[in-house]
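Work through the exercises below with the model open beside you. Try each task before you read its solution.

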Amino acid sequence: MHIARRCAPPALALGLALGLLPGHAVAGEAPRLAAIVRDVPQDRLGASHEPGCPVPPERLRLITMNHWGFDGRVHRGELIVHQEAVRPVLRAFGKIFDERFPIRRMRVMAEYDGSDARAMADDNTSAFNCRGVTGDAGHLSRHSYGDAVDINPLENPYMDRSGAVHPPAAERHLKRTPATKGLIMPGDAVTRAMESAGWQWGGSWSPRDYQHFSADGT
């Protein structure tokens, strides 16, 4: 990867290399992803990372980028991912943005003290969080590795092996028709974008995990 200016700060250098900067559109320019990638400050990790997690903080990256909201406006959001997941995530979310698929909110898990239940209840789209599988805490979630993302959990429920639905308020969306705003469906903008990046969808599993995408299919 060629960086034109060696003196550029890391976030700026990576943004230049990926062709994502500047972050502010000029008058008349169509909205765009305008992503910036940088090392993760400790306060943006918070309780989502602790000693013994499988990925050290220095191998994680904070992505700040635009997304379309349920109000039809562009909002700024944040995701933390593994450094190796940056490019596929940006490719996928760039296509999702271009299709104007709505995302309720996109905040790092430190804002929820690492609680997956709280984040899902808030309909938060998130990626890295060092934790056990929801509903099966004896196994480490793929989110602990930074190469999985959950999108619009209230519209896209997860059913664990016991049959419990997460978040509980999403149970009504186990029925996927008629499609409503924010639902992820086979062949839609989100599944196509993630598949093009090589990530797999939990919506094809049994039981279903409609909100979940991961690099290795777990």
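**Exercise 1: The pocket**

Task: Sort the lining of the largest pocket into nonpolar, polar and charged residues.

Solution. The lining of the largest pocket divides into seven nonpolar, seven polar and eight charged residues. Keep in mind that this is a predicted model. Next, take the whole lining: 22 residues line the largest pocket. Nearest its centre lie Val-133, Tyr-158, Trp-205, Asp-209 and Thr-218. Now look for the elements behind the lining. Helix H4 (116-121), strand E7 (136-140) and strand E9 (158-159) are the elements that give two or more residues to it. Finish with the size: the volume of the largest pocket is about 410 Å³.

**Exercise 2: The hairpin**

Task: Find how many bridges join strand E2 to strand E3, and how the two strands run.

Solution. Start with the ranges: E2 covers residues 60-68 and E3 covers residues 74-82. Nine bridges join them, and the strands run antiparallel. Check one end of the pairing: Leu-60 stands opposite His-82 in E3. Then move to the turn. Five residues lie between the strands of this hairpin. Gly-72 takes a positive phi there, near 80 degrees.

Now pick out Thr-64, which lies in strand E2. Is Thr-64 buried or exposed? Its relative accessibility is 15%. The cut-off for buried is under 20%. Thr-64 therefore counts as buried. Last, compare sequence with space. Thr-64 and Arg-107 are 43 residues apart in sequence, and their C-alpha atoms are 9.6 Å apart.

**Exercise 3: The three-stranded sheet**

Task: Give the strand order of the open sheet that contains E8, E12 and E11.

Solution. The order is E8-E12-E11, with antiparallel pairing. Next, find the edges. Strand E8 (148-150) and strand E11 (200-201) are the edge strands, and each pairs on one side only. Then count bridges: three join E8 to strand E12 (residues 212-214). For a landmark, use Asp-150, which stands opposite His-212 in E12.

**Exercise 4: The disulfide**

Task: Locate the disulfide and state which parts of the chain it ties together.

Solution. The structure holds one disulfide. Its partners are Cys-53 and Cys-130, with sulfur atoms 2.3 Å apart. The cut-off is within 2.5 Å, so the pair qualifies. Take the handedness next. The torsion about the S-S bond is about -115 degrees, so the disulfide is left-handed. Now place the two cysteines. Cys-53 lies in the loop between helix H2 (42-45) and E2. Cys-130 lies in the loop between strand E5 (124-125) and strand E6 (132-133). The pair therefore ties together parts that are 77 residues apart in sequence. Both Cys-53 and Cys-130 are buried.

**Exercise 5: The nonpolar core**

Task: Name the helix that gives the most residues to the largest nonpolar core.

Solution. Begin with the core itself, which has 30 residues. Ile-63, Met-65, Phe-93, Val-149, Ile-151, Met-194 and Phe-213 have the most contacts inside it. Next, list the suppliers. E2, E3, helix H3 (86-98) and helix H5 (189-196) each supply at least two residues. H3 gives the most, with seven residues.

**Exercise 6: An alanine in a helix**

Task: Decide whether Ala-121 is buried or exposed.

Solution. Ala-121 is in helix H4. Its relative accessibility is 51%. Exposed means over 50%. Ala-121 therefore counts as exposed. Then look across the chain: Ala-169 is 48 residues from Ala-121 in sequence, and the C-alpha to C-alpha distance is 7.5 Å.

Definitions and conventions:
Residues are numbered from 1 along each chain as its sequence is written. This is a predicted model: local features need pLDDT of at least 70, side-chain atom pairs count only at pLDDT 80 or more; totals for chains, interfaces and linings use all residues. Side-chain values use heavy atoms; hydrogens and water are left out. Two strands pair if DSSP finds at least two bridges between them. Helices (H or I, at least four residues) and strands (E, at least two) are DSSP runs, numbered from the N terminus. Buried means under 20% relative accessible area, exposed over 50%, partly exposed in between (1.4 Å probe, protein chains only). On a 1 Å grid over the protein atoms alone, a cavity is a set of points where a 1.4 Å probe fits but cannot get out, and a pocket is an open set with protein on both sides within 12 Å along at least five of seven lines; lining residues have an atom within 4 Å of a point. Grid points are joined across faces, edges and corners, and a volume is the space filled by probe spheres set on the points. Ala, Val, Leu, Ile, Met, Phe, Trp, Tyr, Cys and Pro count as nonpolar, Asp, Glu, Lys and Arg as charged, and the others, Gly among them, as polar. A nonpolar core is a set of buried Ala, Val, Leu, Ile, Met, Phe, Trp, Tyr and Cys residues joined through side-chain atoms within 4.5 Å.
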